[in-house]
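Biologist: Pick one hairpin for me and walk me through it closely. Start with the overall picture so I can place it, and keep the cut-offs handy.

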Amino acid sequence: MTPAIPIFRPSELSLDIDRTRREDVRGGVSTGYTNLDSYVTVRPGAPIFIAGSPYAGKSTFTKQILVNLSRLHGWRHCVYLGEEGSVADLTIDLVEMYTGRPARLHCNDGSDNPNAMSESEFISAMSWVDDHFWIVDPDAADVDAFTIDMFFEWVRQCEVQNGVKFDTTVVDPWNDLVMDLDGKGGREDLFLADALKTVRDSSRSNQRVDIIVTHIAAPHLKHVSDRGRRYAAPAEPYEWAGGQTWYRRAFTMILVYRPPSPDSIRMGKVAMETREGETWVMIQKVKPRGVGKVGTCRLWFDSDRQQYTDEPPSE
C-alpha cells in the first residue's frame, strides 16, 4: 500500500486548528523567579539548552530551576549531572538547595557545623528530594560508551519500571557523552546537528523538557576590572563549544554569566557596579514563540543558603 502523502490543506484540520485557537497557551510555567519569568518560561515539549564558562554557576542554576519546578508544580526529574560528585553528593546538594540550610554535619575544615539541620529536618527534606529526583550514574552500568540515545533509553526504562512520568531530564555536561563520528566524515558539527535533533524530538514526543548543559568556547580574558580581575565578555550564542550548530539547532538558549563581583566593570562603553554573587541569565534564543523573549535578567547567588535570589544581598 502506498503511504499517504503527509501534506494537508488547513481546512482538512479545521477542528484541530479551532481547538488550538481556543485552548492552547503558548507560554510555559514559572521558573520560580519573577525576574527570570519576564524573559523565559518552561514549556513541556520544548527543550532548553544552557551554557556557561567553568565556575559560572550553570550547573547550580540548573539544579535551582529543577527544585523550583518541583516546589511550584510538582515536577519530577531524571538527571545526569556528572560534575556534581557522587549520587550522595548531588542528593545532599539538592536537600540544601530545597531547604536553604546546610545538611552536612561537618564544615569543609572538618570541624562540627553548628548550623547543620537536625536529623528530622534532613529526613523530611530527603523524602521530598526522593519524591522528585532520579539520578543517573553511568558508572553503575556495564557500557562502553555513554550516548544521548542510551540516556533517553535509560529514562524510558526507568519510567516503565517505576510507573513514573518525568517532566524533565538533564544531561550535564554535554561533553561527557561519546560522539560517534562514524558516518559523519569525522565532522563534529554533523554529529551535533543530529544529536540536537534527537533531543528536540525527545522533548516533543514525550511532552517533556529535556535540558542540555554545555560549555562555551575558550573565553578571552581581555578585560580588567577596577580591582584588577581579568574577565571575558559574555559569550555570543555562536561561541558555544561546537560552534554555530547550537544557534541553528537549539531551541531556547540560556547563557549563565558571572561577572567579577563585587567590583566595578565595563561592558563596552557602559560602566557598572556588581554585587556579591551577581549572575546574569542571558536568554539568547527563544523557541517556540510565546515561551519568552531575548534579554538579560540578574539573579544573585547566596552561598550561605545555596540558593539564587531575585534580590541582591543587603549591604
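Modeller: The accessible surface of the chain adds up to about 17,200 Å², and carbon and sulfur atoms hold 49% of it (Shrake-Rupley method, 1.4 Å probe; for residues, only the protein chains shown count as cover). Mind that this is a predicted model, where local features need pLDDT of at least 70, side-chain atom pairs count only at pLDDT 80 or more, and totals for chains, interfaces and linings use all residues. Residues are numbered from 1 along each chain as its sequence is written, and side-chain values use heavy atoms, with hydrogens and water left out.

Of the chain's 315 residues, 42% are buried (under 20% relative accessible area). The fold has eight helices and 13 strands (DSSP runs: H or I of at least four residues, E of at least two, numbered from the N terminus). With a radius of gyration of 21 Å, close to the 20 Å from the globule rule, the chain is as compact as a globular protein of that length (C-alpha atoms; the rule is 2.2 Å times the number of residues to the power 0.38). Its C-alpha trace spans about 75 × 55 × 45 Å along the principal axes.

Now zoom in on strand S9, residues 263-267: four of its five residues are buried, so to speak mostly covered. S9 runs antiparallel to strand S10, residues 270-274, and five bridges join them (pairing takes at least two DSSP bridges). Across that pairing, isoleucine 265 stands opposite methionine 272 of S10. S9 and S10 make a hairpin with two residues between them, and glycine 268 in the turn has a positive phi of about 65°.

How values were computed:
Buried means under 20% relative accessible area, exposed over 50%, partly exposed in between (1.4 Å probe, protein chains only).
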